[in-house]
Amino acid sequence: MSDNNNINSKDFIIGALVGGVVGAAVALVFAPKSGKELRSDINDGAKHALEVANEWKNTAQEKSIEWKDLAVEKSSELKQKAMDSTAELAKNIASKTQKITKTVQNKAGEVGDKVEDISEDVAEAVEEAEKK
């Protein structure tokens, strides 16, 4: 059992030494930069972010102009179609109104003729009735 404890202790010490060396190497690689270098890196990063933001802004402006132009074009087309449809509808209504008016006038004439005929028949019937 003491051999087992010695092996575990030995493994622990080797692991601690290896971990310490790895930790030291990582600390050296990721050690902070001096204030001047850090400010320079931050400034460079900010400039890059500003350039990217300006590119996005320019792209957004271009797209908004394209979309506005497209909207104006489509609204003009729709307006013209609506005007054409309205004119065609008005023409159709006028034509139908004329046909209906002619039909009503013809029927009114026919009714007037029939009323005249009936009036004459009634007048004749009244005359015959008076003669008797």
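Begin by selecting Glu66, which at 45% relative accessibility counts as partly exposed, a class that lies between buried (under 20% relative accessible area) and exposed (over 50%), judged with a 1.4 Å probe on protein chains only. The model is predicted, so local features need pLDDT of at least 70 and side-chain atom pairs count only at pLDDT 80 or more, while totals for chains, interfaces and linings use all residues. Residues are numbered from 1 along each chain as its sequence is written, and side-chain values use heavy atoms, with hydrogens and water left out.

Now add Lys63 to the selection: its side chain meets that of Glu66 in a salt bridge (3.8 Å, N to O), a term for a side-chain nitrogen of Lys or Arg within 4 Å of a carboxyl oxygen of Asp or Glu. Both residues lie in helix 2, three residues apart, about one turn of the helix; helices here are DSSP runs (H or I, at least four residues), numbered from the N terminus.

Move next to Lys74 and Glu77, whose side chains also meet in a salt bridge (3.8 Å, N to O), and then to Lys107 and Glu110, where the N to O distance is 3.9 Å. The structure holds four salt bridges, including these.

Finally, select Phe30, which lies in the loop between helix 1 (2-29) and helix 2 (35-131) and is exposed, with a relative accessible area of 67%. Zoom out to the whole protein chain, and you will be looking at 132 residues of which buried ones make up 0%.

Definitions and conventions
Helix = DSSP H or I, 4+ residues; strand = E, 2+ residues; numbered from the N terminus.
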